[in-house]
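Let's take a friendly walk through this structure together. Keep the 3D view open as you read.

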Amino acid sequence: MVFSQTAPGDSCGGATFGRAGEMSMLAARARDAREGRAGIVVVSGPDGMGKSSLLKAFSSDLGVKDMTVLRGRCAGNATAVPPYAGVRALYGALGLASAGAADHPLLRGAARQALPALAAPAAGGAQPAAGSAYPVFQGLYRLTVALAAQRPLVLVLDDAHRCDQLSLRWFEFLLRRADGLPLLVVLARRGEDDSAGTGVWPYLTASPACSRLVLGPLEADAIGELARHVFAAPVDPAFVARVAEVCGGAPGTAARLLRALHREGTRPDADGCRRAHDLGIAMIALAVRRLLGHGPAWMSAVATALALLDGAAPEHIAALAGVSTTLAQEALASLRETGALAPGRTRPVHEAVRSALLARLGTDALTRLRKRAALVLSDAGRPAQEAARHLVEMPGTPEPWMSGILRDAATEAEDLGAPAAAAAYLRRLLGAAPEDDGVRLRLAGLLARTDPFEAGPAFRNVLERAADPRARAGIAVSYATTCLASQQPGAAREAAVAALRALGAEGDGGGPAGHRLRTALESVVLLTGRARQDAADAVLARLARVPPYPGGAEPHEDALGALVAALYGGTPELAVRQARRALGRPGQPCDGWPLLAACAALALADETADALHAVDRAPRSGETAAPRSRVFALTARALLLSGTGALDATVTAARAALDAAGDTGRDTRPLLPRLILAGALTGRGEASRAEELLAAVNPAEATHFALDHQVYLMTRARARWALGDGETALDLLRASGRAQEEAGLVNPVLAPWWADACHILAALRRPAEARGYAEFGAEAARRWGTPRALGVAALARGVIAAPAERIGLLAEATAALGRSPARLEHARAEYELGRALLHRGDRSAARRHLRAAADIAGGHGALPQARAARRMLITAGGRMGAITGSPADLLTRSERTVVGMVLLGASNRKIAQRLCVTIRTVETHLTSVYRKLGVTGREQLASVLHIPATPGVQPAPAAGAS
């Protein structure tokens with residue numbers, strides 16, 4: 001039996017989809033009540049989460065069919081609630097306050113004292129006296145006991161956050177005396193934390209008899225269930241996801257949208273996604289317009305403040321709107337019920353809602369409101385960024401009080417790793433202090449991390465005004481590295497030379513800071529032009545004396561030193577030290593060009609794993625993911641991967657870098673990722689596509705920077721050789737050697753033109769021409785001393801050596817390259833060694849090395865190299881399936897058979913029975929498969945081999961198997 005004073009249309013329309021657990025919990029508490037274990041359930045959650053629907057469904061549930069249910073709702077708002085309004089909302093349906101009801105059986109004895117609470121107070125009547133509550137509470141208690149004596153009793157009060165304090169005090173009074181009563185009290189209220197509150201609420205929720213039930217947004221599964229109910233048909237997951245996104249998981253909004261879509265004939269499939277989005281936003285906008293059109297003026301003021309103070313606390317919204325916090329919360333609740341706000345948050349669910357709310361204001365009114373918003377947030381002690389984001393949207397010159405907020409906001413943003421936001425605050429600050437070179441220099445430093453093209457003019461402006469030589473030197477270093485990042489090495493060199501000239505009179509004075517600045521400037525000069533050996537030696541000597549983490553040092557200074565040490569005759573240890581300083585400086589993120597330079601130095605020193613780890617740690621997501629930062633991070637990744645021979649991953653990273661460059665809004669496309677992409681395509685057997693990429697490169701552009709020039713020449717040479725044009729390839733390699741000599745570059749790994757020339761001349765049967773190149777490379781490799789350098793040099797000497805010396809040199813190359821990250825060079829060494837052994841007649845040893853060459857090359861995407869090794873392996877009497885480019889090419893026939901059965905769901909025991917082998921043999925095959933494919937278990941095989949696994953499907957048993 002249900003007695004209700006709630007309007008028939010009071011639910012939010014979401015039914016109870018996705019609330020099965022909540023309904024089960026309420027039903028369990030109702031069973032406890034029937035057995036005399038009284039209790040209270042506080043249902044809480046943001047508006048629009050279906051609290052009313054849940055209470056209505058529970059009140060009509062079969063689980064309470066043998067109970068008396070009194071259901072009501074607190075009306076109005078908490079600012080003017082008459083005493084005992086909550087009690088009347090529940091007991092009013094019994095009609096006990098009507099004329100003549102005093103003789104009702106339920107009001108016998110002490111229960112008659114409840115009448116003052118049951119009767120509506122006269123308009124303007126006096127509030128109950130402080131001492132008059134106890135007799136009324138006793139009367140209500142006796143009335144409740146009488147009701148519970150007839151049938152187990154359930155009291156269900158919705159919107160209890162609006163309940164008056166006397167009613168709440170009576171609930172607390174009742175629960176303290178309810179032991180043994182067949183009673184359940186269910187209170188639903190706004191809010192997500194049902195333990196919070198003021199007045200009586202903490203006592204209610206702290207009661208041992210209290211259970212808490214918090215309703216949150218519906219999950220996609222629940223919305224899908226609701227959609228299937230509305231459409232009576234299957235629904236596409238993408239359609240469900242779009243509905244959930246538009247509605248923010250609010251069940252009432254989702255139900256209304258789904259019914260509207262069904263009425264107009266929209267199908268719940270992928271094609272209906274866009275219509276679901278558009279109609280959802282239109283419905284929310286219409287509901288907001290209706291609410292504001294018919295509501296009081298303070299409702300519109302709160303809505304406008306909400307749109308401006310995105311996600312702010314209700315008290316700050318109230319302050320901006322000029323209303324009380326209580327009224328602000330009422331307005332937010334009403335907006336949330338329209339679906340305009342995300343559940344439990346003060347943030348519009350869609351940008352269109354915010355735009356619609358602000359569009360009603362003119363420019364002047366919006367400017368005044370933004371100014372007031374900044375003051376409200378600043379006075380409230382909120383983070384400076386919250387206030388500053390309003391100041392950056394305002395036209396005109398900032399007022400004096402705004403400068404401090406903008407400075408603090410820039411510091412906050414920079415500390416949080418958001419250079420783009422920090423730059424926006426400083427740009428606005430310059431409007432108030434255009435002559436402040438400190439602000440301009442700070443802005444230029446931030447822009448260097450997000451947009452070096454914009455940072456260059458900012459640095460140049462400050463550089464031209466700086467009078468002190470030491471200050472000019474520091475600015476010049478920053479400006480020069482920015483020019484390198486924006487592909488303007490000429491400007492970088494000019495600034496560095498001018499700064500060095502200004503510092504000339506000081507010599508090495510100025511302590512560690514002056515020593516560091518001079519070293520950085522001389523490094524720029526080396527990297528951007530021809531270098532004399534004595535100049536390079538002087539810079540390297542300075543680098544060796546640079547102390548760790550000097551005061552004020554920047555990552556780009558150490559990155560410059562790392563690249564110089566790697567390219568101009570330093571030791572790998574010095575290059576690694578400088579690179580790690582750049583990458584590991586506490587509190588100073590290394591990204592952009594310094595990240596690329598430091599990673600290149602580490603790669604040249606065979607520390608590729610460290611470099612890849614540094615790229616993974618570089619800020620490349622969220623607000624810090626400025627397109628230009630992504631370009632450098634992805635270029636660094638592509639460069640490192642190309643050095644390991646991972647061709648497919650290299651192609652992916654290089655293309656991603658070029659795509660990110662397209663997002664910068666600049667016409668210029670960086671040269672290095674284009675060259676890396678062309679080189680990887682050549683290695684994969686796509687030399688014609690690589691030629692097309694290289695044909696689009698302006699040769700003059702490629703000569704601007706020594707590093708780019710070397711990669712350009714080597715990439716073109718390898719593409720021509722892959723296409724069969726050995727003579728042009730040799731000409732390009734010799735040009736690379738001359739360019740290295742002119743630039744003073746001595747690193748043997750950067751662009752090993754001499755090694756490639758040896759391989760081409762060996763193939764052309766002109767080994768005598770290559771001996772000078774091999775000796776040159778061997779000497780350079782001995783000086784640098786890394787496994788890659790020594791292995792490449794030994795390999796170059798081996799391919800042109802006489803038969804008596806060849807196998808020893810090739811074995812030396814194989815051993816050295818096996819210790820290096822250079823996997824494709826290692827595969828080439830294995831191939832050459834296998835071929836040499838075959839020519840000597842040692843077919844067994846030859847097969848071992850040729851198979852290794854095919855496995856390594858095929859696993860890294862170098863299909864031409866892998867196929868050549870396979871052909872030679874077959875010549876040596878070995879067996880290997882055709883190489884198609886699939887990872888399965890790496891597997892033997894037996895391994896493929898085992899893997900095929902694993903993908904059908906067979907266990908090791910079943911596989912052993914089917915193949916008539918031992919379980920140990922199956923395990924050996926699988927161990928080899930995991931090693932070749934780079935996986936750790938059978939569950940990863942399907943994704944690596946691009947084959948859909950079928951769990952649980954067993955292969956047919958062998959004939960005669962039990």
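What follows looks at a helix pair, a tryptophan and some salt bridges.

Keep in mind that this is a predicted model. A good place to begin is with two helices, H16 (residues 363–379) and H18 (residues 400–415). Their axes come within 12 Å and cross at roughly 60 degrees, which makes H16 oblique to H18. If you look for the handedness of this crossing, you will find that H16 and H18 cross in a left-handed way. On the H16 side, the contact is made by Lys371, Ala374, Leu375 and Ser378, while H18 contributes Trp401, Met402 and Ile405. Sorted by class, the contact between H16 and H18 has five nonpolar residues, one polar residue and one charged residue.

Next, find Trp201 in helix H7 (residues 201–206). Trp201 has a relative accessible area of 6%, and because buried means under 20%, this tryptophan counts as buried. Now locate Leu168 as well: Trp201 and Leu168 are 33 residues apart in sequence, yet their C-alpha atoms are 7.6 Å apart in space.

Now to the charged side chains. Side chains of opposite charge can pair when their charged atoms come close. The structure holds 39 salt bridges, and a few of them are worth visiting one by one.

Start in helix H9 (residues 237–247), where Glu245 and Arg242 both lie, three residues apart, or about one turn of the helix. These two residues form a salt bridge, with 3.5 Å between the closest N and O atoms. Glu245 counts as exposed, at 52% relative accessibility, whereas Arg242 is partly exposed, with a relative accessible area of 28%.

Helix H38 (residues 771–784) offers another pair to look at: Glu779 and Arg783 are separated by about one helical turn because they are four residues apart in this helix. Glu779 forms a salt bridge with Arg783, and the closest N and O atoms are 3.5 Å apart. Here Glu779 is partly exposed, with a relative accessible area of 34%, and Arg783 is exposed, with a relative accessible area of 51%.

Arg720 and Asp725 form a salt bridge too, with their closest N and O atoms 3.2 Å apart. Asp725 is partly exposed, at a relative accessible area of 21%.

Which residues join Arg73 in a network of salt bridges? Select Asp158, Asp159, Arg162 and Glu330 alongside Arg73, and you have the linked set on screen.

Technical notes. Residues numbered from 1 in each chain as written. Predicted model: local features only at pLDDT ≥ 70, side-chain atom pairs only at ≥ 80, totals over all residues. Heavy atoms only, no water. Axes fitted to C-alpha atoms, helices over the stretch in contact; angles between N-to-C directions. Parallel < 35°, antiparallel > 145°, perpendicular 65-115°, else oblique. Left-handed = near helix turned anticlockwise from the far one by under 90°. Contact = heavy atoms within 4.5 Å. Nonpolar A, V, L, I, M, F, W, Y, C, P; charged D, E, K, R; others polar. Buried < 20%, exposed > 50% of the residue type's maximum accessible area, 1.4 Å probe, protein only. Salt bridge = Lys/Arg side-chain N within 4 Å of Asp/Glu carboxyl O.
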